[in-house]
Amino acid sequence: MEPAQAKLHYRPFCFSVKGHVKILRLALTVTSMTLFIIAQAPEPYIVITGFEVTIIFFFIILYILRLDRLMKWLFWPLLDIINSLVTIVFMIIVSVLALIPETTTLTVLGGGLIIAALACFLVAQAHE
């Protein structure tokens, strides 16, 4: 009889639901930023989505390297939630402005992808 193997007490971030949702959010936000750049949308659309891409990438690297376990003096889940709430406010504004008539098709697609990224946030928060 083989000895029982010790189970991992944590699930690697990339294989967790939270990891999948964050990576999906990153992909959707990068795609919407690319569409905004191609459509030559107003600069605030590109800047806000670029800033959000940077922040999402920071949190993904933070969780992959498990730096949240090393730096216990910050409450990372709270910072992640605050970031997501601020993101919702800015991204809703950008997506509504992008969906207003007199815009190009690519700008409308970018606004739609931002709404999909916000839906990913809601799924992640419901799972936690």
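## Helix α1 and the residue after it

Let's start where the first helix ends: just after α1, Q40 takes a positive phi of about 55°. Please keep in mind that this is a predicted model.

Looking back along the chain from there, helix α1 covers residues 17-38. Its 22 residues should span 32 Å at 1.5 Å a residue, and because its end C-alpha atoms are 31 Å apart, the helix agrees with that expectation. The buried residues of α1 are a mixed group, with G19, V21, K22, R25, L26, L28, T29, S32, M33, L35 and F36 on the list.

## A closer look at T29

T29 is a handy residue to click on in α1. Its relative accessibility is 3%, and since buried means under 20%, T29 counts as buried.

What does T29 touch, once its neighbours within four places in sequence are left aside? Its contacts are T49, E52, V53, I56, M91 and A117. Of these partners, T49, E52, V53 and I56 are also listed among the buried residues of α2.

## How α1 meets α4

Two packed helices are described by the angle between their axes and the distance between the axes. For α1 and helix α4 (residues 76-99), the angle is about 30° and the axes are 14 Å apart. Angles under 35 degrees count as roughly parallel, so α1 and α4 are roughly parallel to each other. The crossing of α1 past α4 is left-handed.

If you would like to display this contact, pick K18, K22, R25, T29 and F36 on the α1 side. On the α4 side, the residues they meet are D80, N83, S84, T87, M91, V94 and A98.

## Helix α2

Helix α2 takes in residues 43-64, 22 residues in total. From its first C-alpha to its last it reaches 31 Å, close to the 32 Å expected at 1.5 Å a residue. Its buried residues are Y45, T49, G50, E52, V53, I55, I56, F59, I60, L62 and Y63. Just after α2, R66 takes a positive phi of about 60°.

## What the UniProt record lists

An unreviewed UniProt entry lists residues 21-39, 45-65, 77-100 and 106-124 under "transmembrane region". How do two of these stretches look in the model? Residues 45-65 are 95% helix and 0% strand, with end C-alpha atoms 30 Å apart. Residues 77-100 are 96% helix and 0% strand, and there the end C-alpha atoms lie 34 Å apart.

Note on methods
Residues are numbered from 1 along each chain as its sequence is written. This is a predicted model: local features need pLDDT of at least 70, side-chain atom pairs count only at pLDDT 80 or more; totals for chains, interfaces and linings use all residues. Side-chain values use heavy atoms; hydrogens and water are left out. Helices (H or I, at least four residues) and strands (E, at least two) are DSSP runs, numbered from the N terminus. The expected span of a helix is 1.5 Å times one less than its number of residues. Buried means under 20% relative accessible area, exposed over 50%, partly exposed in between (1.4 Å probe, protein chains only). UniProt positions are given in the numbering used here, feature names are shortened, and annotations may be inferred rather than shown by experiment. Contact means heavy atoms within 4.5 Å. Axes are lines fitted to C-alpha atoms, for helices over the stretch in contact, and angles run from 0 to 180 degrees between N-to-C directions. Angles under 35 degrees count as roughly parallel, over 145 as roughly antiparallel, 65 to 115 as roughly perpendicular and the rest as oblique. A crossing is left-handed if the near helix is turned anticlockwise from the far one by less than a right angle, and right-handed if clockwise.
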